[in-house]
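Colleague: I have a little time before my next run, so could you walk me through this one?

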Amino acid sequence: MTLPSEMRGLLLVGDGYSKTPSASVPEAMEPYLKPGSIAVPAPGPTQALIKVSLASINPSDIAFITGQYGQPRVQGRPAGFEGVGIVASTGDDPYAKSLAGKRVAFATGVSNWGAWAEYAVAEAASCIPLLDTVRDEDAAAMIVNPLTALAMFDIVREEGERAFIMTAGASQLCKLIIGLAKQEGFRPIVTVRRDEQIPLLKGLGAAHALNEKAADFEAALREVVKAEQPRIFLDAVTGPLASAIFNAMPKRSRWIVYGRLDAEATVIREPGQLIFQHKRIEGFWLAEWMRQFRDRLGPAVLEAQKRFSDGRWSTDVTAVVPLDEAMARLSEELVKPNGKVFVKP
C-alpha cells in the first residue's frame, strides 16, 4: 500500500493531565481538539500502522481529551482509543508482519497515535484480525465495550449472586452486559435518566429499570434492593447517584467504579458500612485487566466476534460523522441517547 506523507486528524490541544473537572460531554470540542494535518507516523518494531475505516467514541475518549484519564495527552497527536481498519505497514516483529493487509479491530493504547485520523498506530498485540461476518460498526467498537462487558460479567458470575446493579443502563456497554445476563439467568438492575428507556432495557433482559430522576427513586431503589439483594454494583457514573445506591445495598456489597460521568463529589454516606457491613469500593480499568488476565483475552475476543456475527450483540449507531464535520457535530451527537457515535476519516 502506497502511503502519503501527511494525514488529516483531530489533534489534541492539551498536554498531560488537567485538574479541572469537565462535563461528560463538552459543549464544544474546540478547547480540547483542533483539525489539522500531521506526518503519517512510522510503526515501531512491534507495531502496526492502520488505515482507519471507522473509529468509535467512548466516555474514556472524552475523559482523555479533557485530561481526566489515567494516560497523559501528547499535544498535537490525534485522539481516539479504538477503531477498525486495514493494516498498511508494520514493524519487523514476526507477529506484526503477519497482520499486513488484514482488516483489524485495534486499540491505540500507549502509542499516542489515536484513531480519529486517517492512519493510526497500535501495538500488534492489541490488533484483532476480524471475521468477515463482523461489520465495521461492531469492529470499531470491538475492544473497549465488549471486552469490558465480558470481563465485568465474569466478576458478577464469580460472585455467585444472581442480581446486580448497573448505572448508565442505556449505554452500549450495559446493553451488552444485559444480553450476557439474560442468557445465563442473571437479574440486572439498571438506572436510567429517561422513562422511555425503561421498556427498551426490560425488553433486552433487565429485571428492573429505575429512573434516577424520579421523585420516588430512592424509595423504589430500596424496595428493589430488599427484594433482589444485589451485592455487585458496576458504576460508570459516581456522584450522588452512586452514593445512594451503595448506601442502600446489603452487607458484603462491592462497588466497582469504571467511569465518572458525573463530576459532582462522591460521598460515602455511612463510612461505618465499610467496617461493620464489610462493604468494598474498588476500580476496574480494562487496560489493567488485559495485562493481568492475558490467558482470558483470546477467548474473550473470539466470543465477542461470535456474538456480533450471529446477532446476539449489535452496536446501536447514533451517528457516523465524517472527519471534516467532527468539530461542528460531535458535541451535538454525543448527547443523544441509546447509541454510539463514530468518526469516519
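Modeller: Let me begin with one strand contact, keeping in mind that this is a predicted model: Met-166 has Leu-234 in β11 as its bridge partner.

Colleague: OK, and in which sense do β8 and β11 pair, and over how many bridges?

Modeller: The pairing of β8, residues 163–166, with β11, residues 232–235, is parallel and runs over two bridges. Strand β8 is also joined to β9, residues 187–192, by four bridges, and these two strands run parallel as well; there, Phe-164 has Pro-188 in β9 as its bridge partner.

Colleague: What strand order does the open sheet have?

Modeller: The order is β10-β9-β8-β11-β12-β13, an open sheet of six strands with parallel pairing. Strands β10 (208–211) and β13 are at the edges, and each has a single partner strand, so one side of each is left without a neighbour in the sheet. From one strand to the next, the twist averages 20°.

Colleague: Which helix packs on the sheet, touching β8?

Modeller: That is α4, residues 144–159, which touches β11 and β12 (254–257) as well as β8, and whose direction makes about 170° with that of β11.

Colleague: Back to β8 for a second: which of its residues are buried, and on which side?

Modeller: Both faces are covered, with Ala-163 and Ile-165 buried on one side and Phe-164 and Met-166 buried on the other. That fits a general pattern, because side chains in a regular strand alternate between the two faces of the sheet.

Colleague: Changing topic to aromatics, how many aromatic pairs are there?

Modeller: The structure holds nine aromatic pairs. One of them is Tyr-69 with Trp-285, an edge-to-face pair at 6.0 Å centre to centre and with 85° between the planes. This pair links distant parts of the chain, 216 residues apart, since Tyr-69 is in the loop between α1 (59–65) and β4 (82–90), while Trp-285 is in the loop between β13 (280–283) and α10 (286–292).

Colleague: Is Trp-285 buried or exposed?

Modeller: Neither label applies, because its relative accessible area is 36% and Trp-285 therefore counts as partly exposed. Trp-285 also belongs to one aromatic cluster with Phe-64, Tyr-69 and Phe-81.

Colleague: And which rings have an arginine over them?

Modeller: Phe-293 is one, with the charged end of Arg-296 sitting over its ring at 4.4 Å from the centre. Trp-313 is another, with Arg-307 lying over its face at 5.3 Å from the ring centre.

Colleague: Before I pick a buffer, how many disulfides does the count come to?

Modeller: The count comes to zero disulfides. As for individual cysteines, Cys-127 is buried, with a relative accessible area of 4%, and Cys-174 is also buried, at 0% relative accessibility.

Colleague: Where is His-278, and what is it in contact with?

Modeller: His-278 is in the loop between α9 (272–276) and β13, and it counts as exposed because its relative accessibility is 53%. Apart from its neighbours within four places in sequence, His-278 is in contact with Arg-252, Ser-253 and Gln-273. Arg-252 is 26 residues away from His-278 in sequence, yet the two are 4.9 Å apart in space, C-alpha to C-alpha.

Colleague: Last one, what covers the buried residues of α12?

Modeller: The buried residues of α12, which spans residues 326–334, are Ala-326, Met-327, Leu-330, Ser-331, Glu-333 and Leu-334. Their cover includes β1 (6–12), β2 (33–39), α1, β14 (317–322) and β15 (340–344).

Terms used
Residues are numbered from 1 along each chain as its sequence is written. This is a predicted model: local features need pLDDT of at least 70, side-chain atom pairs count only at pLDDT 80 or more; totals for chains, interfaces and linings use all residues. Side-chain values use heavy atoms; hydrogens and water are left out. Rings of Phe, Tyr and Trp (its six-membered ring) pair if their centres lie within 6.5 Å; planes under 30 degrees apart count as stacked, over 60 as edge-to-face and the rest as tilted. Buried means under 20% relative accessible area, exposed over 50%, partly exposed in between (1.4 Å probe, protein chains only). A charge sits over a ring if NZ of Lys or CZ of Arg is within 6 Å of the ring centre and within 35 degrees of the ring normal. Two strands pair if DSSP finds at least two bridges between them. Axes are lines fitted to C-alpha atoms, for helices over the stretch in contact, and angles run from 0 to 180 degrees between N-to-C directions. Contact means heavy atoms within 4.5 Å. A disulfide is a pair of cysteine sulfur atoms within 2.5 Å.
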